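Subject: Structure for your records

Hello,

Here is the structure we discussed. Please look through it first; my notes follow.

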Protein chains: 2
Amino acid sequence: MKKKLSHASEDYLKAIYTLSADGFSASTNNLAAHLNIAPASVTGMLQRLASLSPPLVNYRKRHGATLTDTGEKAALKVIRRHRLLETYLHKSLGFSWDEVHAEACELEHAVSDRFEARIDEVLGHPTHDPHGDPIPNLGLVMPQEADIRLSTLRPPQKAIIQRVDAEDGKLLRYLEEKSLLPGTKLEIRAFSPIDGNLTIAVDGKKMVLGSAVTCHIFIEEI
Amino acid sequence: MKKKLSHASEDYLKAIYTLSADGFSASTNNLAAHLNIAPASVTGMLQRLASLSPPLVNYRKRHGATLTDTGEKAALKVIRRHRLLETYLHKSLGFSWDEVHAEACELEHAVSDRFEARIDEVLGHPTHDPHGDPIPNLGLVMPQEADIRLSTLRPPQKAIIQRVDAEDGKLLRYLEEKSLLPGTKLEIRAFSPIDGNLTIAVDGKKMVLGSAVTCHIFIEEI
DNA sequence: GTCTTTATTTAGGTAAGGCTAAATTAGTTT
DNA sequence: AAACTAATTTAGCCTTACCTAAATAAAGAC
Ligand SMILES: [Mn+2]
Ligand SMILES: [Mn+2]
Ligand SMILES: [Mn+2]
Ligand SMILES: [Mn+2]
């Protein structure tokens, strides 16, 4: 019954899930941009995904796609594998947090359930990946994600970094160098309305971050 | 320059290498049987592999294929990844020796050089996979393989099992249960010409093995 | 030397997943 | 209402990799 999906299908499902979860519509163009594929190709794929039985997406011409229940389960399964793999690559194989994404995006389509179960076990059933993103459990329930951006805080608020939403290696390496990782506590010291810069203090050390940085960091206020 | 090969191409190269190394010709039909693909499809693929630049195989109509130097390097690279992965799955993730092949055959096309290098390091640069097959080193040199079959021995010869050439799960599980693994020492006690059965002793324990078993076990005489 | 068998190739098809260029739709402006 | 624009779909094409059926070649049998 459960024939396995192609690489491409899995990446589409993941993209639809992610765009929707982030409050964007999974429109043809958004998907095309997200997946680096021509819009016309996205149309073709959405039609295919909608015409499977059971369908994985609901697709209405010119209205983008939403996941069906089947599609959402499939998406969560891929996301779980992706995040477990990222965690495994980081914790057990010494990959840095800017290297894990690309590797996981390949492996997520290749590993078996057995492999997934084993690394989950070896890691002690981790709940978050190296970027702080929550890992859906075996039952494919996605935990709540932190959704307050650091860029929205003002002095003298305090917060803990929960997750970093970025695939850009430069940004990730920059943040690592500054120790701005999930779990880090910080205080807002100043806000510059003209450019959106925030001055923050981490462990007493002050630094100024532009909004191109702060809008990718999601926090929990304390 | 080095665009990466498709899954299918890599499996063909591996199959051509393996058939040749085992003394078979990499003919259309042999490849078809080995890869579980229709002969006509093999013809098509060999033509494609031969028309790449640089070509990966030498192909003469109706005379099967041989690997070019480029093709052989590519084949050895895949075999190295495959065997390292099998070893890693077995040693680090607790896969049994009859489970590793299928998983490795998927992963071998997905892992990066970085991943390969890391597991090689974690494993301490292993020289043999769980079935006793040699792992080509980083320079892609394939060590000599044991090529004497247990089935050719006669009393009172003694030998050490070097490798087991089988993908059949039943056979592998049978051998594991009998502790007939690479490294095991044994003595030939009797040979039955009528059916080819060998009576062997392992650690003083006697057992009778049919030639369907003994012809898959390669040994080193002692 | 013709016949038959076996191995292999050719021909013609399918399905997935891409692409570009052209057409269409739905909103916005004027 | 007509025109413009942005988003999306259609049409037509490509490559990879597989399949079946039919044609052909090479090798062995008679
Ligand atoms: Mn992916
Ligand atoms: Mn992540
Ligand atoms: Mn493979
Ligand atoms: Mn092996």
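Four helices each supply at least two residues of the surface near DNA strand C: α1 (7–21) and α3 (39–50) from chain A, and α2 (28–35) and α3 (39–50) from chain B. Please keep in mind that this is a predicted model.

The surroundings of the strand: DNA strand C has 20 residues around it, and the closest are S6(A), S41(A), T43(B), Q47(B) and Y59(B). By residue type, the surface near DNA strand C consists of nine nonpolar, seven polar and four charged residues.

Which part of DNA strand C makes up most of its atoms within 4 Å of the protein, sugar and phosphate or bases? Sugar or phosphate accounts for 76% of those atoms, and bases for the rest.

Some polar contacts to phosphate oxygens of DNA strand C can be listed by residue:

- T43(B), one of the closest residues, has a polar side-chain atom 2.7 Å from a phosphate oxygen.
- R62(B) places a polar backbone atom 2.8 Å from a phosphate oxygen.
- A38(A) also uses a polar backbone atom, at 3.0 Å from a phosphate oxygen.

Now the two protein chains. Chain A superposes on chain B with an RMSD of 0.0 Å after a rotation of 180 degrees, with 0.0 Å of shift along the axis. The two copies are therefore related as by a two-fold rotation axis. Both copies use the same surface, since 100% of the contact residues of chain A recur in chain B.

Regards

How values were computed. Residues are numbered from 1 along each chain as its sequence is written. Chains are lettered from A and ligands numbered from 1 in the order in which they are written. This is a predicted model: local features need pLDDT of at least 70, side-chain atom pairs count only at pLDDT 80 or more; totals for chains, interfaces and linings use all residues. Side-chain values use heavy atoms; hydrogens and water are left out. Copies are superposed by least squares on the C-alpha atoms of residues with pLDDT of at least 70 in both. Contact means heavy atoms within 4.5 Å. A residue is near a molecule or strand if one of its heavy atoms lies within 4 Å of it. A polar contact is a pair of N or O atoms within 3.5 Å; within protein, one must be able to donate a hydrogen and the other to accept it, and residues adjacent in sequence count only if both atoms are side-chain atoms. Ala, Val, Leu, Ile, Met, Phe, Trp, Tyr, Cys and Pro count as nonpolar, Asp, Glu, Lys and Arg as charged, and the others, Gly among them, as polar.
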